[in-house]
Structure formats: structure tokens, C-alpha cells
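Welcome! Here are some exercises to work through with the structure open beside you. Try each task before reading the solution beneath it.

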Amino acid sequence: MGAGFRRNHGKLRTGLEGSVVPHSMILRQPGSVTLNSVETESPESHLKQRLERREARIAVLGLGYVGLPLALALNQRGFPVLGVDPDPIRLQALEQGRSYVEAVESAQLRRVQSDTRWQLQSDLDPTFEAEVFLLCLPTPLGRANTPDLGILRQAAEKIAAQLKPGNLVILESTTWPGTTATVLQPILEQNSGYRAGQDFFLAYSPERSDPGNPNYHLCNTPRIVAGLDPASSALAVQLYQSFCDQVVPVSSLAVAELAKLYENTYRAVNIALVNEMAMLCHKMGLDAWQVLDAAHSKPFGIQAFYPGPGVGGHCIAIDPLYLQWSAQEHGFLAGLMSRAVEINRGMPLYVCGRAKSLLADMDGEPADKEVLLLGVAYKADVADAREAPAVEILQRLRGMGYPVRYHDPLIPKLDLEGESLVSQPLTETNLKRASLVLLLTAHASFDLPEILRHSRFLLDTRGACRHLQPDPERVILL
Ligand SMILES: NC(=O)c1ccc[n+]([C@@H]2O[C@H](COP(=O)([O-])OP(=O)(O)OC[C@H]3O[C@@H](n4cnc5c(N)ncnc54)[C@H](O)[C@@H]3O)[C@@H](O)[C@H]2O)c1
């Protein structure tokens, strides 16, 4: 990026507007440009220094599982941060110091409440004069299970309206390779009149967090970073080095985008394999968990994956479909990935089949046989039911005529289409009145011996009870 000035929409843009640089702070550098006797530095070295001094003003768009811990980490390192989220419920929780993601403690939110370098808004506020924009926005599936980048596009238009030369824009959302350069960049350029790599900096850095993981978090998970050009890359690397132990620069935006999709597709494929193994073991009359424990004793060449009722969340349930779509766009049939998605998506139906055959052996009509789902979050110890297989299982079992209730200490309310269910207390009475207890998510807080003691029949889809020597007549593993 040059240090020059650019005429835009008939208006002279200096490249330093909005970045609040007192003349005393402007360093003299070779190649710097003089305007009205004021010597200015290049936009790259200007932002570099503001990042070094932790003065660069950073807007984080999307305060969810990804954006909220990021915004707080940056604020903790001393940066002025504007957190932007249009969700009034989330914004109110933050303003009241209540966290809604596991990676953030409410106490942390209460501490920043009085910090003048911490601001929250429902929309990008131009008076904040952001110099760095971090996009942590949802990238869901649309109709026909294809990528829906509508939220990202709209946000890019808003950023473009405030973009100034020398600003840095970084996308963190998971998306298909090419998104930053072919979707984000044109929107930013067309709506601002500035050119990426010339007037502003552009980078991609995927968030790789694993919600509920006690060992790895935002700061100690190696961070992949790619820039559109060397200057964008260097600035983005510098930003992430301020709070990440290890930064992994890669050669291009698309490499970084695809690496993230590959990581999650790798998990999806291996989960599908182990799900298929579990179904095969059932057919063979073998205990899948014993087979897996035996195989996992090998110290190399195998990584432990476990079967379950299906995949959920914003990553494993969605990312392989982004990759599959992208492969198709390149005329490539990604057969293994497609099959993995099919297997994982078929697991709720398989679990319902297993439940139905157990229930069919009991006396009475379906309407008299209540099923109690234990755990509806998509994985253990997270308060997130997005894309959770429990929702499909619940709906299918109801469709078969069984009354279904659920208990999940982390999901007090489960929103279905047009209906809201409330978590039932986990009591002896509630366990005993269920014809079948279906363990779908093994939260650490579950008292498994108590659950085993009071359940008439239990189908354990997570193998959580396997070490408790349960009565095989009453406790069935997936
Ligand atoms: N959840 C994870 O564990 C995880 C891990 C790695 C990557 N990712 C990826 O990161 C991205 C974000 O995921 P998430 O889990 O944080 O999603 P999330 O739904 O928890 O958070 C996204 C937030 O963006 C807000 N939002 C929507 N439109 C907005 C706008 N125009 N401006 C500002 N905010 C807006 C929403 O209200 C929401 O609070 C996705 O691409 C996801 O695939 C998620």
C-alpha cells in the first residue's frame, strides 16, 4: 500500500482521517509524504505503531461465541474496543454483566463495565472511528443447505460506509475459500471507493475455538492468519500476536479459509466413521465402546472419536456443507465428505429407531410411554442447542406418538418451531415415570449413578455409563 493520497467522490482523502494522530506523534520516515508542511508516515507504519501502542481502535462485529471472547481479549490487552451486536437480548445481558458463552465469565463483563475503552452498540457507530474491523458474524446455511452470506454482506456494506484509508478489515467467520477476496473485498471497495491492498488492509483469520475444551482457548490455540498482501498480513499477524501465544501466517486468504473448513470436515468425517462403526457393531452384537477402547490403546496412527446421536453446533454440522458446496462450484464431487454428512445427519433417525424398538417391547400404547431426553445441547457442558440432534430426535419421537420431555441444566428453554419447551427437573419421580430415558448429551454435572438407579430403561448414546457396569437388561449403549 502506498503512502499516497487518493481522490474519492470528489473529496480529498488523506489516509489518516479519523485515526486521531496528533502531529507530535507522527514519525518521520523515508518515503513519507508531506502535505501542507506536515510530514505523514505510511498508513502501514501508522497502524503498526498504533497497534504496538495498543491505541488502535477496534470494532468487533458479532458478540457471540467467537466475537465476545475476542473483544474482551483485545480490551484486556489495552485496545479501545467497540462491540457491535444487533441482538437486544445479548446486548442487555452484556450491559448487565451477564455472560452467555462458556468462555467468558460474568465477572469479566462486570469488570469492563466501567472501562472507558469498552463500548457496546447495536450498530457500527461512526463516532467510534474504528481503525480495525473484526467480523465474527454467523455464516449459516440457507435454503438447499447452501452457504448464506447475507449477514456478512450487509455488515460489509456498513463497514464500507465508515472505511478510511489505512484501516484493517479482518474476517473471522468460517466460510468457503474465496469469500474474503471475492465477496468481502468487492463490497468494501465498491461501497467505499477505496482499494484493498492499496488504500486499506484486508485479512482472514479463522477462529478455531472448541467450546467447553478445558485446555485450549482463544489465546493458546495457534492462530492462522493470512493477508491479501504482505502489509495486510504483517498488520494482522501483529494484532493477533498481541493476545495469541502462537500465530501461523499462511500464504493466502484462500489457504486460511480452506484450512479451517478442512479441520472441521476432518472431524465430521471421523465422527461419521465412528458412527458407522457403532451401527455395524450393533448389527454384529458387539459393544462398540469396547472395540473403540481396544483400538485407542494404539499410541500412534489413530485418534479417538466417539459415536453419538448426531452432530450439532455452528461448526461440524455446517462447515462440511460449505466445503461440499465449494467443491461443487469447482466441478469436484467430494464423495467422502458427502457421505460423512449423510451418515451424521442420519444418526437422529437411527437413534429414534433404536428407541422405538426398545419402546415397542414394552406394554401399552405409544401415548402411555413417556421418553425423557437427558441433555439437548449439541455437546457436553455447552449451553448451545444450535443444530443439536436432540431437536430432531424429540420431534421424530413425538411424531411416533410418544410424549417427550427433556432435562438439560444448560438449556432451560428449548425453542422449536412455534413452540417453547421447558427443561424438567432431574428428579427421581421424573426419571421413574419415563418409560425410556434417552441420554443424548453427557454433561459433567449429571449424576450418572443416580440416573441409572432410577431409570426404568436407559439408552445411552454417548457411552457415558459404560464404566459403571450397568445392568445390560436396563441400560443399552448405542
Ligand atoms: N461457535 C463456535 O464455536 C465457532 C468456532 C469457530 C468458528 N465459528 C464461526 O464463527 C462465526 C460466528 O460464530 P458464533 O458461534 O460466534 O455465532 P453466534 O451466533 O454465537 O454470534 C454471532 C453474533 O453476530 C450477531 N450479528 C448478527 N448480525 C450482525 C451484524 N450485522 N452486525 C453485528 N453483529 C451481528 C448475532 O446477533 C450474534 O450475536 C461463524 O462463522 C462460525 O461458523 C464458530
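## Exercise 1: Aromatic rings

In this predicted model, a search of the whole structure finds five aromatic pairs.

**Task.** Work out how the rings of Tyr 262 and Tyr 266 are arranged: what kind of pair do they form?

**Solution.**
- Start with the general idea: a pair of aromatic rings is described by the distance of the centres and the angle of the planes.
- The centres of the rings of Tyr 262 and Tyr 266 lie 6.4 Å apart, and their planes stand at 55°, so this pair is tilted.
- Next, find the two residues on the chain: Tyr 262 and Tyr 266 both belong to helix H8 (residues 253–284), four residues apart, which is about one turn of the helix.
- The general geometry helps here: an α-helix has 3.6 residues a turn, so residues three or four places apart point the same way.

**Task.** Now follow the rings onward. Which kind of pair do Tyr 266 and Phe 305 make, and where does each of these two residues lie?

**Solution.**
- Begin with exposure: Tyr 266 has a relative accessibility of 34%, so this residue counts as partly exposed.
- The rings of Tyr 266 and Phe 305 have centres 6.0 Å apart and planes at 65°; since an angle over 60 degrees counts as edge-to-face, the pair is edge-to-face.
- This pair links distant parts of the chain, with Tyr 266 in helix H8 and Phe 305 in the loop between helix H9 (288–295) and helix H10 (319–329), 39 residues apart.
- Put the pieces together: ring pairs link Tyr 262, Tyr 266 and Phe 305 into a cluster.
- To finish, look at the other two members: Tyr 262 is exposed at 54% relative accessibility, whereas Phe 305 is buried, with a relative accessible area of 6%.

## Exercise 2: Two helix crossings

**Task.** Describe how helix H5 meets helix H6: at roughly what angle do their axes cross, and is the crossing left-handed or right-handed?

**Solution.**
- Two packed helices are described by the angle between their axes and the distance between the axes.
- Helix H5 covers residues 150–162 and helix H6 covers residues 179–192; their axes come within 8 Å and cross at roughly 40°.
- The crossing of H5 and H6 is right-handed.
- Among the residues making the contact are Leu 152, Ala 156 and Ile 159 of H5, together with Val 183, Leu 184 and Ile 187 of H6.
- By class, the residues of the contact of H5 with H6 are eight nonpolar, three polar and two charged.

**Task.** Do the same for H10 and H11: within what distance do their axes come, and which residues make the contact?

**Solution.**
- The axes of H10 and H11 come within 10 Å and cross at roughly 150°.
- The crossing of H10 and H11 is left-handed.
- On the H10 side, the contact is made by Pro 320, Leu 321, Leu 323 and Gln 324; on the H11 side, by Met 337, Ser 338, Val 341 and Arg 345.
- The contact of H10 with H11 has five nonpolar, two polar and one charged residues.

## Exercise 3: Covered helices

**Task.** How many residues of H10 are buried, and what covers them?

**Solution.**
- Eight of the 11 residues of H10 are buried, so this helix is largely enclosed by the rest of the structure.
- Among the buried residues of H10 are Asp 319, Tyr 322 and Ala 327.
- The cover over the buried residues of H10 includes H8 and helix H11 (335–360).
- Just after H10, Gly 331 takes a positive phi of about 70°.

**Task.** How many residues of helix H2 are buried?

**Solution.**
- Helix H2 (residues 67–76) is mostly covered, with nine of its 10 residues buried.
- The buried residues of H2 include Gly 67, Pro 69 and Asn 75.
- Just after H2, Gly 78 takes a positive phi of about 110°.

## Exercise 4: One residue up close

**Task.** Is Thr 180 buried or exposed, and which residues does Thr 180 touch?

**Solution.**
- First locate Thr 180: this residue is in helix H6.
- Thr 180 has a relative accessible area of 0%, so this residue is buried.
- Leaving out residues up to four places away in sequence, Thr 180 touches Leu 171, Gln 185, Leu 202, Ala 203, Tyr 204, Leu 253 and Glu 257.
- One of these neighbours, Leu 202, is 22 residues from Thr 180 along the chain, and their C-alpha atoms are separated by 8.2 Å.

How values were computed. Residues numbered from 1 in each chain as written. Predicted model: local features only at pLDDT ≥ 70, side-chain atom pairs only at ≥ 80, totals over all residues. Heavy atoms only, no water. Phe/Tyr/Trp six-rings, centres within 6.5 Å; stacked < 30°, edge-to-face > 60°. Buried < 20%, exposed > 50% of the residue type's maximum accessible area, 1.4 Å probe, protein only. Axes fitted to C-alpha atoms, helices over the stretch in contact; angles between N-to-C directions. Left-handed = near helix turned anticlockwise from the far one by under 90°. Contact = heavy atoms within 4.5 Å. Nonpolar A, V, L, I, M, F, W, Y, C, P; charged D, E, K, R; others polar.
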